[in-house]
Amino acid sequence: MSTVLATARNPYDITLENFDLAADTLELEDDIRAMLRHPERVLIVNIPIRMDNGRIRRFEGYRVQHNTARGPAKGGIRYHPDVTVDEVKALATWMTWKCAVVNIPFGGGKGGVACNPKELSHGEIERLTRRYASGILPLIGPEQDIPAPDVYTKPQIMAWIMDTYSMTKGYSVPGVVTGKPVSLGGSLGRNEATGRGVFYAIQSACEHLRLPLKGTKVVVQGFGNAGSVAAHLLDTHQCYVIAVSDSRGCIYNKDGLDIPKLMLHKEKTGTVAGFPASEPISPRQLFALECDILIPAALENAIDEDNAPSIKANIIAEAANGPCTPEADKVLEAKGCFLIPDILCNAGGVTVSYFEWVQDVQHLFWEAQDVYNRLERVMRTSFNDVLKFHLDRKVSMR
Ligand code: NAD
């Protein structure tokens, strides 16, 4: 069932609204603006698959390359019932800006299939993935366009895409996807890279604001890959993660949740709901909690003009892509919240994807600590670049 409200704003309209603001600040010429307002390629694929009950069901998938001036298109693949071509266009555009912010030699791409993986069997997901991969085959390749995981897609799905692509070549091509299992040429540290990057960005923000990290209260919306890893690292640095949520529930404990145990609970039950030593709260209450750091780590438009006025956090760290609407940005800026925008905050994922691709094409693999050290350097440098621009030009962090 769709979870998008009928009133939710089109993410691509929001992308263009923010782009126009940035283009005004940069005094970008009209010709360049026109070029960058449109993706280079948009592919829509029909995905008929045989379901376990013998029937054929049709799904629709997309792959968008927004801009490849800086290198191959790079961006994840999302499996979610609310995926639309406009959402994928928005996500691909953000990938162009994100790769430029962290200065890696990739352009922006993204893919998605409108489906509910929670209702599909393992075999159905494999058939869907392989059919989608063969549909987007003309676009992807290690030098052209390199997919990765996003919402509800995991290393196993990347392995199926890699295998489908490799079958057509006659040899194994690990560099066609990132975020794949380590045994197939994946990078150590890729699975937790997005959350780890979010953590480094938060550390940098706390240093800038002279807010000691230890003892801060943290709220996380979306306890998936990005959100749970960020929560875990903050927990190990003596922060109190007082509330988290997922698509099935929100939980709260004023003294801090036991994050390692919560991760096991989510693995076992599929949700954070029902975790012992916590009380259920509503999504509205979650956003309104007294806390220092709020991490939206789920989907677009989570924070809008309706719930932004109740937010009390000092720092908003956008682990998700596009979690704040432009209307919410204005409210949060007026309140003096410090924003770490998505294209900076969650860039750890694509940064380690780049490291993975580099390792694949060189056939030379790095130790986990090497990956972490390089990621920390990239995140801290990029944070300082963005902060400097924000302070020098007196523009918002976004
Ligand atoms: P994921 O599938 O691992 O987790 C998503 C989580 O969000 C799940 O726990 C789900 O239950 C929860 N969720 C969904 N709808 C929700 C709602 N309405 N309220 C609360 N929780 C909800 O996905 P992920 O990879 O962690 O991606 C999360 C966000 O991070 C997305 O915006 C994604 O684009 C962004 N991101 C991910 C990566 C990556 O490497 N995985 C990189 C950059 C950005």
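The legends below describe close-up views of a predicted model, beginning with one helix and moving on to the ligand and its surroundings.

**View 1. Helix α3, residues 85–101, from end to end.** At 1.5 Å a residue, the 17 residues of this helix should span 24 Å, and because the C-alpha atoms at its ends are 24 Å apart, the expected and computed lengths agree. The helix is followed by N103, a residue whose phi is positive, near 55°.

**View 2. The buried residues of α3.** Helix α3 is mostly covered, since twelve of its 17 residues are buried. Among them are the run from E87 through V88, K89, A90 and L91, as well as W94, M95, K98 and C99. In general, an α-helix has 3.6 residues a turn, so residues three or four places apart point the same way.

**View 3. Polar contacts of the ligand.** An oxygen atom of the ligand lies 2.7 Å from an N or O atom in the side chain of D150, and a polar side-chain atom of R78 is found 3.0 Å from a ligand oxygen atom. The backbone takes part as well, with a polar atom of A319 placed 3.4 Å from an oxygen atom of the ligand. Taken alone, the ligand exposes 830 Å², of which the protein buries 87%.

**View 4. The shell of residues around the ligand.** The ligand is surrounded by 23 residues, and the closest of these are D150, Y152, T194, N225 and N321. Two elements, α7 (225–236) and β7 (240–246), give two or more residues each to this shell. By character, the shell divides into nine nonpolar, nine polar and five charged residues.

Methods
Residues numbered from 1 in each chain as written. Predicted model: local features only at pLDDT ≥ 70, side-chain atom pairs only at ≥ 80, totals over all residues. Heavy atoms only, no water. Helix = DSSP H or I, 4+ residues; strand = E, 2+ residues; numbered from the N terminus. Expected span 1.5 Å × (residues − 1). Buried < 20%, exposed > 50% of the residue type's maximum accessible area, 1.4 Å probe, protein only. Near = heavy atom within 4 Å. Polar contact = N/O pair within 3.5 Å; in protein donor to acceptor, adjacent residues only side chain to side chain. Areas by Shrake-Rupley, 256 points an atom, 1.4 Å probe, with all protein chains shown as cover. Nonpolar A, V, L, I, M, F, W, Y, C, P; charged D, E, K, R; others polar.
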